[in-house]
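Hi everyone, thanks for coming. Have the viewer open while I talk, and feel free to follow along.

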Amino acid sequence: MKTIATINFKGGVGKTTATWALGNVAARDAGVSSLIFDLDAQMSLTQAIALNEDGNPFKDFTNWYERSISKKKTIFDALDEFTKPTAFNFGVNHDFIYKISDRYHFVPSVEDLYWTELELFDREKVKFFIQRLLEKVQNSSNVPKYNYALFDCPPSFSLLSYSVLSTCDLVLIPINPDFFAAKGLSLLLNSLRMRIEPFPVPKIGVFMNRAKKPGGSSIKHYSNETQRYLDDAADVLRHVAADRGLNVRLFDQAIFDKVGMKRAIQEGLPTDFAAQYSNLWKQIQSFLNEKTK
Ligand SMILES: Nc1ncnc2c1ncn2[C@@H]1O[C@H](COP(=O)(O)OP(=O)(O)OP(=O)(O)O)[C@@H](O)[C@H]1O
Ligand SMILES: [Mg+2]
């Protein structure tokens, strides 16, 4: 199983949408199963999956979710169990993992995750939580053998994102064509390294979300502005690769700004959008499969 953490300090860049869309396109390949996790206490992914197109609660999920909470099968219960001095005995089954569709599954967030930010938990121990939880998922005969696990992380360094970062294969960073694209990226990459070491720093992939098309009949890919921010981001990546020896990639496939994208998660991936994400997914897979130098 390959694991991917979608992260950026900046809010609203498209982390949640990317995690959801990539998990979705991954499971379109024959025989591939994907598992997405909502690690954000703000629960945007969980809420989007819980609501249908009309904004009404989606009954199957809501019923399942209530049962998961009452059976103490949420990710918070798993963490609680893990941090006890006794052996980690959390059983993984479909009370913990929700089936969005046949091969596309989901572990929702719960408000209790806010507690993880208080000093209630031992930081050093929690670091190993996601790694141990994924082992349980892989060894469980109650759920499929997932090919990919994707984590939607909050726009901050939470204890849980820390725990994912120390075990994932790829850190995926969406950026937007704005002033913060390059600045934020350089800040993020430096602090990632400081936070993760002495663990090996995973591969780092960056893509532009909400890219703008050029005006008129231009044959260019992007607007001048989007292109400039992409070039700036490429510069930052070149520098960190050279100075710090990080394995970084700026993916060619950007995701374009799509008006009315607000409710994609409820309504399903629009076709043009799915094509862009499928292509991005191919580039991510080939980066994941490259041997580390
Ligand atoms: N390519 C796009 N075109 C248009 N709208 C988009 C695009 N990508 C994301 N959005 C919209 O931008 C908003 C923020 O996206 P999203 O929730 O994925 O960001 P986020 O980084 O997870 O935010 P947060 O930091 O709050 O967790 C959402 O309303 C989403 O529908
Ligand atoms: Mg989000």
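I'll go through the core, then two single residues, then a pocket, and finish with a helix. Keep in mind that this is a predicted model.

Okay, the core. The largest nonpolar core has 104 residues, and the members that touch the most others are Phe-37, Phe-129 and Ile-173. Which helix gives the most to this core? That's α11, residues 271–289, with 8 residues.

Let's zoom in on Phe-37. Leaving out residues up to four places away in sequence, Phe-37 touches ten that I can read off for you: Leu-45, Ile-75, Phe-96, Val-107, Leu-133, Leu-134, Ala-149, Leu-150, Phe-151 and Asp-152.

Pick Leu-150 from that list. You'll find Leu-150 in strand β5, which runs over residues 148–152. Is Leu-150 buried or exposed? Its relative accessible area is 0%, so Leu-150 is buried. Again skipping residues up to four places away in sequence, Leu-150 touches Ile-4, Thr-19, Leu-22, Gly-23, Leu-35, Ile-36, Phe-37 and Trp-281. And if you want a distance to try in the viewer, Leu-150 and Ser-109 sit 41 residues apart in sequence and 13 Å apart in space, going C-alpha to C-alpha.

Now Thr-17, over in helix α1. Why does Thr-17 count as buried? Because its relative accessibility is 19%, and the cut-off for buried is under 20%. Among the residues Thr-17 touches are Met-261, Ile-265, Phe-273 and Tyr-277.

Hold on to Ile-265, since we meet that residue again in the second largest pocket. This pocket holds about 230 Å³ of space. Its lining is made of 14 residues, and the ones nearest the centre are Ile-49, Phe-58, Ile-100, Ile-265 and Gln-266. Who supplies the lining? At least two residues each come from α1 (15–26), α2 (44–50), β3 (98–101) and α10 (264–267). Sorted by class, the lining has 9 nonpolar, 4 polar and 1 charged residues.

Last stop, helix α8. Its 17 residues, 180–196, reach 23 Å from the first C-alpha to the last, close to the 24 Å expected at 1.5 Å a residue. Which residues of α8 are buried? Those are Ala-181, Ala-182, Leu-185, Leu-188, Leu-189, Ser-191, Leu-192, Arg-193 and Ile-196. An α-helix has 3.6 residues a turn, so residues three or four places apart point the same way. Try that on the buried list yourselves. As for what covers the buried residues of α8, the cover includes α7 (159–165), β6 (170–175), β7 (203–211) and α9 (224–244).

That's me done, thanks!

Technical notes. Residues numbered from 1 in each chain as written. Chains lettered and ligands numbered in written order. Predicted model: local features only at pLDDT ≥ 70, side-chain atom pairs only at ≥ 80, totals over all residues. Heavy atoms only, no water. 1 Å grid on protein atoms, 1.4 Å probe; cavity = no way out; pocket = protein on both sides within 12 Å on 5 of 7 lines; lining within 4 Å. Points joined across faces, edges and corners; volume = space filled by probe spheres on them. Helix = DSSP H or I, 4+ residues; strand = E, 2+ residues; numbered from the N terminus. Nonpolar A, V, L, I, M, F, W, Y, C, P; charged D, E, K, R; others polar. Expected span 1.5 Å × (residues − 1). Buried < 20%, exposed > 50% of the residue type's maximum accessible area, 1.4 Å probe, protein only. Contact = heavy atoms within 4.5 Å. Core = buried A, V, L, I, M, F, W, Y, C linked by side-chain atoms within 4.5 Å.
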